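Me: I am new to this structure and would like a close look at a single part of it, namely how strands are paired. Please also set that part against the wider picture.

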Amino acid sequence: MPVTLTVDGQEVTVPDGATILDACRQAGIYIPTLCFDTFLKPYGACRMCVVEVERAPKPLSSCNTAAMDGMVVSTKTEPVVHAQQGIMEMTLQHHPLDCPYCDKSGVCDLQHTAYEVGVYRSKLGSDNPNEPDHELSPLIEWDPNRCIYCGKCVRVCDERVGDSALTFNLRGFHSYIGTQFDEPLDCVECGECIEVCPVGALLSRPFMHSGRAWQVHQSESVCNHCSVGCQMHVETRMGEVLRTKANPALRDQTPVNTRDRGPGDGMLCTRGRFGYDYIHDDGRVTQPLVRKDGQLEPASWDEALSLVAARIAAAKAEDGPDSVAAITSGRLSDEENYLIARLMREVVGTNNIDSAERWTLIPTLHALGPAAFDFTISQMEQMDAFLVVGGDLMESHDVLGMRMRQWVRDEGKLLIQAGSLPSRQDDRFARRVLRVRPGAEQHLLQGLAAELARQSADGNAPADLRGYSLERAAADTGIDAAAIGEAAAQLAEAGNVGIVWGLGSWLIGGAEALAQAAANLTLALPQARLYPLANKANSRGLAQMGAGADILPNFRSVDDAQARSALGRLWDVVLPDAAGHTLDALMAGADVSVLYVIGEDLATSARNRQQAQALLERAGFVVVQDLFVNATAAEYADVVLPAVSFAEKTGTFTNMEGRAQRAQAAIPPVGEAKPDWQIFTELALQLGARWAYRNSDSVVQEIAAVLAEIPVTHSAPRFAWQEPPALPSVNGDGKLLLVTQDHLFVPGVTGRYSGNLRRLVEAPTAEIHPAQLARLGIEDGESVGIQANGADLTVTAKANDKLTEDVVYLPGGFPDAPVGALLGAEATVAVSVRAAAAEPAAESSSAMEGAES
Amino acid sequence: MATVEIERIAGEDDSGLILNMGPQHPSTHGVLRVVLKMDGEYIEEAVPIIGYLHRGTEKIAESETYTQILGYTDRMDYTAAASSNLGWLVAVEALAGIEVPERAQWLRCIVGELGRLAGHLVWIGTHALDIGAMSVFLYAFRARERVLELFEELCGARMTHSVMRPGGFLEEPREPFYEKLESLFDYFVKEIDQFDKLLSKNDLWIGRTVDVGVITADDAIAMGLSGPCLRGSGVEWDIRKAEPYAAYDKVEFDVPTGTGKGDVYSRYILRIEEMRQSVRIMRQVIEHMPPGPVMTDDARVGRPDTPRLYTDMEAMINHFWMYIHGFPVPRGETYAAIEAPKGELAFYVVSDGSGKPYRMHVRSPSFVNLQSLPYLVKGRLLADVVAVIGSIDIVLGEIDR
C-alpha cells in the first residue's frame, strides 16, 4: 500500500515502509545527512536530517521515521534549520582544520553538508584534541581528530562485510573507533570502512596524500581479480593509477535507487580496493625483450614481432600448423581471447589454443553443459539454503562471500560450509560445517545424494545414486555419518538449495568428478541449483570466446561441423577439424615448435610443474606475453612481449554470471607496452591475415555477429554414476595431505606483484595442526621443507588448530612457494613435511618415522 | 574554410594577385591573417582568416567553476582585462542572483574605466605606429605604464588581474591606491591632449584617415557593429547608458560620436574623447563613492577573510567546498552585456544548477567588428588596410577565444 504525504507543500507517494527521508529525496528536496547510507540500516546518530512534522511535538529525524499517510512535513522551517546549524557547529567545534591536506577534501560529506546547511562563522571556537594518527592495519589509517562518530564504518563492517571488526570503544567524549579492546585488526581488510567514511578519518594508507579530489580523473572499470565482476572506478592523475574504488554511482544516496547495483552490490574487497599497485610496479616489462646469447635484451616491437611471426611461419611450414600452440588466460578480455583463438584457428590453422581453465572450468563445462553457467547472483540470492563446497568464498570470491553473509544473517538462510579447510564463514555464518578430508568433497555430495535418494518417498531419484551410501561417505570424508544425515535432512527441508563451488586451485584434478557429483545431487534434490563460480575475471568469457582446444565460441564443440563451418564462413577460411592439443596433452609430451604463453606463468603456477617445465624446455621457441618477466619468461622465453593491465586498455570482461562488463582504459600503456588485442592484431597482419581492428569496439561488434551466428546449444547435463575414487591415506607414514586454495591477498599472476596486498602476507606459510607439528618435531614459525612429486619447497610453518590433523595447508599464488610444483596429476597429494634443518630427500621419511615413535 | 575562401576570391581563371598578410605581420595586431585580392595597388577583395589563437575557452569553461572562469576572461581582451572580467561577472551575478555591495559597484566603474584607458592607450599607440607616427607609440605606452602601475597597486598584477570576484571585490584596495589614482587624473588628461595635438590636425594623419574605411550608420547597425565602430558613424549607442551596470547610472558622462562620418578619423577622434570621459567618470566615482564593504555578505559566494581561514573551521570548510565545487547557480540562462573598450561584450551562460556552467558563449566585440573589414577596405589602397585594422581596434585573444 503506497503512502501519500505532503513535503514542503508537495504531495509525494512512496511505497509502504519508506521513510520521510525517502519521500523528501524522491521529491527532490535536499535533506542534509551524515550518518545515513542507503546500504545501511537507518541509525539516527547525526540528527542532521531533522524535519518538522505537523502535530509532532518536536522535530523528528527523517532517516528513521516511517512516512505515514497524510503526514505534513516541513524541511526548511526556522527550527529545523536552527537545529541543523547547531548540530553542525557542535560537530565542527571538534573538527581539525585539516582541509588543506586531508585526502577527503572535495569529496567530503562534512564539507558539503556544512556548506548546504549554512554555517559560515564559528560561534563555539575550535577545540580539537589533536591526537596522533593510528594505524589500524598496513592498509587502513584512522585519524581520531577527524572522526565525527557517525558509526558508518562500524555498521558497514557489521551489516555489509560481516566481519564486525570495528567498534566504538569507551563512551562519551572519550569514545573512539577501533577494534574491540584494541586487539590487532582481524578482518578481510576490504576497506569498506574507508569507502563509507564521510570525512577523512579512515584513510587508505597506500593512497594517502597522493592526489587531491579535484585533480584526479575517474574511469569506469571492472575489478580484474576474480569473476564476481565488481564495478569500480579507477582514479588516475597524469597517467598514473592512484587508487581504485567502488563505482560511486552504485552507492548513490537516492533511496528509491532502482538501478542495478551490479554483481558486487557496490562493494569491493581487499583485492579490488588495494590490489592495483602492480600496474606501476618497477618490475613491469615496458619494452619487448628478445633472447640473445642466452640473455633477454631490449628490442623494438618491429624486431620482436617479426621474429615471432617468422618463427610461427617457419614452424607452420616445416612441422605443420599443429606444431604451434598458445596458452591464454582468463585475465585477458573477451576481445583478446576471441582474437587469440581466431589467430590460432584462422591464421595459424590449428586448434592448439588452451589455458589453465582446462583444469577447472572446462571440465565443469563438459560435465554440466553451458546451462550451468547461466545464472545470476540475484537469482542465487533467492535460494533458501546454500551448500558451499570446497574453497572458502571469502578467499576466492570475497564480495560474493560478503553478500552471502548478508543473506544468511539478514534473512536467516541456511549455509552449510563443506570443505577441507576452515573458512571465514565457519564461526558466525555457517549453520553447519562439514570438514571433509582433502579431495573428498565429491564423496560428500555423492553421500548426500545417496541419502536423499534413499529417503525420497516417491523413488524418482535414479537407483544408481543408491550405489553409494551415507556410511561409505562417512568413511571416505571422515565426517560423522550422523552429521551428513542431518545435513541431508536440512537440505531436504530447504529444498531450494544453491550448491556453490568456486572453480579455484583447490579443485584442480577433481573438477569434472565434483561437477558430476553436484549434478547427481540435484537428481535427489530437484529444486537445487548449481552455481559453479568461474575463477578469474574472464574465465567464463574465455570459454565463451572459444579459446579452448576443443571449444568454439558460445561453448560449441570443435567437433560440431555446423558451428565450424558457420564460423569458417564468417572468417572466410576452412577451420581445422582435428581437435587441438589441450594443455594437459601439451604437458604430457605433444611436440611443439612454437609455444605462445599469454598471461599465464606456466613455470610456477601450473599444476604438475615438472611437466610444465619440460614442455617449456621442449618447445623450440617460447613467446611470453605478460606484464612482468615472470619465471616462465626469465627462464624459457625467447621473446617477451610487454602487455598491459586492465587499467591501460578498454575491454569487456564476462563475469561468472555471463554479464559482459566493460573496463574503460584509464591511463595510456606504461612504457612501450601494448594492449594484447593490438599485439594479436599486429602479429596476425605480419602472418598475412587481413584484419582491420582499430580498437576493442570493432572486435566487440564482430564477436556479437559471431555469437549470433552460432548460438549456445543447451544440452541437458549428463547424469552419470561414477564410483568415487579411493583417496590416499596418510596413516602414520609421516606424510600429510596437501590442501591448497586461492588466497585472498595473493590473487594470481598479477596480484602477486601488488605491494599493498603483499604487506598483508609477507611470506607464504604452511599451516599445520599444532598437535601434528609437535608430532613432527617442528616449532611454530620454524622453516619447513615440503616434498612431493620430486619437488621440495621451503616455507614457514604456522600452527593452526582449526585444521584437521592430517593436512597441511599451503595457499596458492605465491611465486616463492609454487604449490603447483607439488601437485602431480592426482587431485589429492600426500606430501612429506620435515623441518628444513633436517636432512632432505629419501631418508627423511624414515627419519621422521623414527622421530615419531 | 580558409582554403575555400581563398579559392573563391582567386577565381576560376586564377587572375589577379593574391597577397597574404599575416598572421605574423606586425600591423595585424596579433595573429590576424588577411588574404587580399589585388588589382594593382587596389584591393578587390579581402578575406580575414582567424583561428590562430583559438584556445577553446568556451569549452574549457564548462569544466571550471564560475570563479575559475574569471581567469580565462582575462586572456580574451588582454589589453583591457578588467572589461572582460566585468562582463563575465555581470552575467554570473545576474544568473546567480548575487547582490553586489554599493561600494563595490562604484569601484567597478574605476576598474572598468582604467581598463578602457589601458585598452585605448594600446590602440592609439599601435594605430599611430601602423600609420607611421612613431612617437605617439612611445608616449601612449608610457601613459599605459601608469595605468598598469595602478592595477599593480590595486592587486599586484598588471595585465591579467582578475581583481573583481563574483559578489564584489576580493578586498578593499590597499591605502595608496586612491591617492595615486587621484594624482594621475591630471597627468592622463595632459597625455590625452598631447595625442590630440600630435595627430588631430596633422596633415599626414588626416590624409591617411579621413574618408578612409567609411561605413554608414545603417550598414554599421546591419553588421552588428558596436562600440566606437558604431559610434563613429554617428549612432549614439553605449550600453553604459542604455543598460547601465555597476554604477554607471549614477555618474555623468558623454557618449562621443566623433565626426559622425564613419571613417577612420571619426573612430580615432571619438576614442580620444572617450579617454577624457573615462577620467571624468573616475573623478566622479572618487568623489561620490560610499563607504562600506566591497564583498557580498552571502557566505555561500564570498570568500571568508584570510585570517579566519586559519582559525575558524566553519570558514575553512566552506572555503574549500566553495572553491572546489563552485557556488551553485540556479538552473537557467542569461545574456548580459557591457560596454567594453571595443564594443558590446556579452556572455551567454546556461546553468544546470551546478557550480559550473553547462554552456558559456562569448559575444566578443572584436569578432563582430572584424567582419566589417572586407567591406571597409574594398576598392581602397593596400596601405589603407593597416589604417582600417587599427581603427576597428581588434584583439585576437577575444576573436579566437
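Reply: Two strands are said to pair if DSSP finds at least two bridges between them, and the strands themselves (E, at least two residues), like the helices (H or I, at least four), are DSSP runs numbered from the N terminus. The model is predicted, with local features needing pLDDT of at least 70 and side-chain atom pairs counting only at pLDDT 80 or more, while totals for chains, interfaces and linings use all residues. Residues are numbered from 1 along each chain as its sequence is written, and chains are lettered from A and ligands numbered from 1 in the order in which they are written.

The part to look at is in chain B, where strand β1 (residues 17–21) and strand β2 (residues 33–39) run antiparallel and are joined by five bridges. Within that pairing, B:Met21 faces B:Val34 of β2(B). On to the next strand, β2(B) is also paired with β3 (residues 42–49) of chain B, again in the antiparallel sense, this time over seven bridges, and here B:Val34 has B:Pro48 of β3(B) as its bridge partner. β2(B) and β3(B) make a hairpin with two residues between them, and B:Gly40, which lies in the turn, has a positive phi of about 65°.

Another glycine of chain B, B:Gly97, also takes a positive phi of about 65°, just after helix α4(B). That helix, residues 81–96, has 16 residues and spans 22 Å from first C-alpha to last, close to the 22 Å expected at 1.5 Å a residue, the expected span being 1.5 Å times one less than the number of residues. Because 15 of its 16 residues are buried, α4(B) is largely enclosed by the rest of the structure; a residue counts as buried if 20 or more other C-beta atoms, placed from the backbone, lie within 10 Å of its own, as exposed if 12 or fewer do, and as partly exposed in between.

Antiparallel pairing can be followed in chain A too, where an open sheet of three strands has the order β11-β12-β13. Its edges are β11 (217–222) and β13 (240–246), each with a single partner strand, so one side of each has no neighbour in the sheet. On average, neighbouring strands of this sheet are turned by 30° against each other, direction ignored, with axes being lines fitted to C-alpha atoms, for helices over the stretch in contact, and angles running from 0 to 180 degrees between N-to-C directions. Six bridges hold β12(A), residues 231–237, to β13(A), and A:Met232 stands opposite A:Ala246 of β13(A).

As for the wider picture, chain A has 28 helices and 35 strands, and 57% of its 853 residues count as buried. The largest nonpolar core (buried Ala, Val, Leu, Ile, Met, Phe, Trp, Tyr and Cys residues joined through C-beta atoms within 7 Å) has 387 residues, and those with the most contacts inside it are A:Leu387 and A:Val808. Its largest share, 16 residues, comes from helix α5 (residues 102–131) of chain B. Leaving aside residues up to four places away in sequence, A:Leu387 touches A:Ile416, A:Ala418, A:Leu491, A:Val497, A:Ile499 and A:Val500, where contact means C-beta atoms, placed from the backbone, within 7 Å.

Methods. Two residues are in contact if their C-beta atoms, placed from the backbone, lie within 7 Å.
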